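Here are some comments on the model you sent, set out point by point so that each can be checked against the coordinates.

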Amino acid sequence: MNQNLIKVNKKDLPVIIDLRYASTNNFTKKKLYTSDICLIHKVAYEHLHLAVEIAKKQNLRLKIFDAYRPANIQKKLWDCLPDPNFIAPPYKGSPHSRGVAVDLTLTDKQGNELDMGTDFDEFSRLSYHGCLDISAESYKNRLLLLGIMIDAGWDFYRNEWWHYQLFNSKKFPIIYES
Ligand SMILES: [Zn+2]
């Protein structure tokens with residue numbers, strides 16, 4: 001395994017892990033990952049850890065949909081949806097392939113997902129930050145996630161409420177193989 005990647009492990013970090021690309025429950029309807037081990041860059045892990053602690057203070061938990069994404073899988077996603085508004089083109093490299101991005105939502109203590117107005121990977125403008133066409137409750141929940149992640153040192157992506165990445169993501173090299 002690449003020495004910069006750390007396994008996100010429910011024992012060490014009280015998060016819920018639901019790697020959607022390791023199942024058929026994703027927009028491609030295909031199982032893209034061969035394993036359901038959740039990996040993240042060790043620098044990003046520290047920020048994730050802080051986000052977990054901040055969420056806990058609010059009686060909330062984090063549920064992770066994706067973190068490190070091998071570059072060949074990024075290419076497959078691009079082939080399914082070649083839209084740079086939502087998927088990073090392979091030549092540019094996704095921050096996920098650098099290990100420094102995470103897709104996630106909030107749950108209550110029991111693990112019930114908070115209503116964010118859309119599901120993960122809904123590729124429409126309803127997923128944009130600043131979209132007023134979602135309910136007040138959904139908007140509040142998105143702001144809560146935004147606040148937790150920003151406080152923990154993550155940058156947001158304006159087209160996807162679930163996506164966060166480190167501010168200096170480009171300085172981390174693409175990791176081709178886990
Ligand atoms: Zn993402």
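The points below deal with one loop residue and then with one helix.

1. Please keep in mind throughout that this is a predicted model, and that the remarks which follow describe its computed geometry.

2. V15 lies in the loop that joins strand 1 (5–8) to strand 2 (16–17). Although it is a loop residue, V15 counts as buried, because 22 other C-beta atoms are within 10 Å and the cut-off for burial is 20 or more.

3. Once its neighbours within four places in sequence are left aside, V15 is in contact with V8, K10, V52, R61, L62 and I64. As for its relation to S138, the two residues are separated by 123 residues in sequence and by 21 Å in space, C-alpha to C-alpha.

4. Helix 3 comprises residues 136–151, and its length is consistent with expectation, because 16 residues at 1.5 Å a residue should span 22 Å and the end C-alpha atoms are indeed 22 Å apart.

5. Which residues of helix 3 are buried? They are N141, R142, L145, I148 and M149, and they lie on the same side of helix 3 because they cover an arc of only 125° around the axis. The face turned away from this buried side carries the exposed residues A136, K140, L143, G147 and D151.

6. As to what the buried residues of helix 3 pack against, the partners are helix 1 (42–57), strand 5 (101–107), strand 6 (154–157) and strand 7 (160–166). After helix 3 comes G153, which has a positive phi, near 95°.

Notes
Residues numbered from 1 in each chain as written. Predicted model: local features only at pLDDT ≥ 70, side-chain atom pairs only at ≥ 80, totals over all residues. Helix = DSSP H or I, 4+ residues; strand = E, 2+ residues; numbered from the N terminus. Buried ≥ 20, exposed ≤ 12 C-beta atoms within 10 Å, placed from the backbone. Contact = placed C-beta atoms within 7 Å. Expected span 1.5 Å × (residues − 1). Arc of directions from axis to C-beta.
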